[in-house]
Amino acid sequence: MMKWIAIAALSSVAGMASAEAVAPADVQFDDYGAVEVSLSGTPGDAANGAAIVGDKKQGNCVACHQVGALADIPFQGEIGPALNGAGDRWTEAELRGIVSNSKKTFEGSMMPSYYKTTGYIRPGDAFTGKAASEPLPPLMDAQMIEDVVAFLATLKE
Amino acid sequence: MNFKATLACAAFVASVAPAAFAGEDAELVLNGEIPIVTTAPAPAHLDGVLGDEIKSGWLFRSDETQATQMDDFDNPGMIFVDQAQASWDTVEGSEGKSCASCHNDPAESMKGVRATYPKWNEEAGEVRTLAMQINDCRENQMGAEPWKYDKGDIVSMEALISVQSRGMPVNVAIDGPAQSTWEQGKEMYYTRYGQFELSCANCHEDNFGNMIRADHLSQGQINGFPVYRLKNTKLNGSHSRFKGCIRDTRAETFNPGSPEFVALELYVASRGNGLSVEAPSVRN
């Protein structure tokens with residue numbers, strides 16, 4: 001069946017490198033869903049973020065969004081708005097909040113929460129269809145979130 | 001009808017099939033003689049959530065996939081119907097009976113049956129899917145082993161029975177004793193399962209017609225089941241499709257034949273009340 005999103009196994013390296021990493025349960029969202037503090041404490045790498053956004057096995061954001069800057073990636077979805085100009089519309093803190101847990105910015109959003117580990121209904125073990133117990137590994141680790149945010153910040157009209 | 005023999009010339013038939021199809025506006029007439037309703041007024045219980053119209057999944061497929069379903073000689077699902085006709089006539093079990101012993105010719109006895117399933121069975125006091133009814137006859141009428149849910153034998157038999165209702169409107173009852181099961185299915189339809197927190201409605205109600213990566217989202221209707229999928233080259237039951245869709249939300253899924261999927265099937269079928277029975281349909 002359609003594997004429209006697949007998430008790569010998370011490496012444990014990220015966890016070791018960043019003593020300052022904010023754990024998913026400790027992320028502070030403001031009233032509008034923004035997150036001021038870097039999750040990893042290490043500046044994001046926009047090029048790596050672009051790869052994550054386009055990669056079926058990682059963020060796969062293009063399953064739902066068109067991204068003009070990644071025009072070479074085929075089959076971009078049309079569930080959410082095109083991300084062109086996202087860096088103009090949102091501050092870095094807002095983007096970090098949207099990617100970490102979009103539901104704090106857009107109530108009831110269809111967009112998955114990429115840095116959340118609990119509070120699911122019938123959580124599964126990745127795509128096996130089998131049960132998994134919480135906390136789940138988040139869909140992306142802290143540095144991946146920072147890399148994606150760095151890439152989104154470059155998307156200017 | 002013998003579909004096996006005629007399939008050999010499918011290639012020739014395909015080459016003379018009309019070339020022009022129009023995606024979501026296309027019209028489906030099977031074998032040039034059975035008109036199929038692929039767009040129908042939305043049933044009242046939907047309260048407008050899908051707009052005015054419900055649509056068959058056939059409309060959302062590519063021109064080539066659409067064409068494969070238009071003629072039984074091209075439709076690979078018909079091979080399984082042919083196989084089920086043989087098993088219809090086969091004696092099995094302690095009572096020395098076949099389906100034919102009691103139901104004679106399925107073209108007569110099974111006409112219209114598929115359109116009303118899942119349905120309430122008074123004696124058993126339960127909502128039964130077509131598969132459950134077939135297995136009930138095997139166990140309690142024939143003294144034979146039940147077939148495994150959504151596996152080859154039973155899905156083929158469902159296709160044979162469904163073919164006798166092609167072109168007739170889906171018409172499952174949702175009130176009376178079936179209502180609580182229907183409500184359970186409805187609740188599941190709107191539950192956001194798994195780590196992606198997605199409900200059936202997120203994709204098939206709010207986003208039908210949109211692309212999700214390479215997939216063109218339909219309304220997730222089941223009037224075409226069992227479905228021949230080009231992807232796995234076999235007939236598939238609706239519970240297997242439900243299972244795949246839930247698994248892909250990174251959730252713990254349910255099993256084919258489970259009470260949960262029986263309830264979900266009743267509810268999803270009722271969202272298609274008014275569309276024609278199309279099985280075996282062809283999808284990617």
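How many disulfides are there over all chains? The count comes to zero, where a disulfide is a pair of cysteine sulfur atoms within 2.5 Å. This is a predicted model, in which local features need pLDDT of at least 70 and side-chain atom pairs count only at pLDDT 80 or more, while totals for chains, interfaces and linings use all residues. Residues are numbered from 1 along each chain as its sequence is written, chains are lettered from A and ligands numbered from 1 in the order in which they are written, and side-chain values use heavy atoms, with hydrogens and water left out.

**Cysteines**

In chain A, the cysteine sulfur closest to that of Cys61(A) belongs to Cys64(A), and at 8.9 Å it is too far for a bond. Cys61(A) is buried, at 13% relative accessible area. Here buried means under 20% relative accessible area, exposed over 50%, and partly exposed in between, with a 1.4 Å probe and protein chains only. In chain B, the sulfur of Cys102(B) has its closest cysteine sulfur in Cys137(B), 7.7 Å away, which is again too far for a bond. Cys102(B) is partly exposed, with a relative accessible area of 46%.

**Chain A**

UniProt, in an unreviewed entry, places the feature "domain: Cytochrome c" at residues 44–156 of chain A. Such annotations may be inferred rather than shown by experiment; their positions are given in the numbering used here, and feature names are shortened. This span is 30% helix and 0% strand, and its end C-alpha atoms lie 17 Å apart. Helices (H or I, at least four residues) and strands (E, at least two) are DSSP runs, numbered from the N terminus.

Helix H4 (residues 92–100) of chain A is mostly covered, with seven of its nine residues buried. Among them are Leu95(A), Ile98(A) and Val99(A). The buried residues of H4(A) pack against helix H3 (86–89) and helix H5 (142–153) of chain A; contact means heavy atoms within 4.5 Å.

Two residues of chain A have a positive phi although they are not glycines, as the table shows.

| Residue | Phi | Loop in chain A | Relative accessible area |
|---|---|---|---|
| Phe75(A) | about 55° | between H2 (46–54) and H3 | 54%, exposed |
| Ala126(A) | about 50° | between H4 and H5 | 26%, partly exposed |

**Chain B**

Helix H7 (residues 130–142) and helix H8 (residues 152–163) of chain B pack at an angle of about 105°, with their axes 10 Å apart. Axes are lines fitted to C-alpha atoms, for helices over the stretch in contact, and angles run from 0 to 180 degrees between N-to-C directions. H7(B) and H8(B) are therefore roughly perpendicular to each other, a term for angles of 65 to 115 degrees. On the H7(B) side, Leu130(B), Ala131(B), Ile134(B) and Asn135(B) take part, and they meet Ile154(B), Met157(B), Glu158(B), Ile161(B) and Ser162(B) in H8(B).

Ala26(B) sits in the loop between helix H2 (10–16) and strand E1 (28–30) of chain B. Ala26(B) counts as buried, at 9% relative accessibility. Leaving aside neighbours within four places in sequence, Ala26(B) is in contact with Thr38(B), Trp58(B), Leu59(B) and Gln66(B). Ala26(B) and Gln66(B) are 40 residues apart in sequence, yet 8.7 Å apart in space, C-alpha to C-alpha.

The peptide bond from Tyr117(B) to Pro118(B) is cis, with omega near 0°. The bond from Phe225(B) to Pro226(B) is cis, with omega near 0°.

Note on methods: Parallel < 35°, antiparallel > 145°, perpendicular 65-115°, else oblique.
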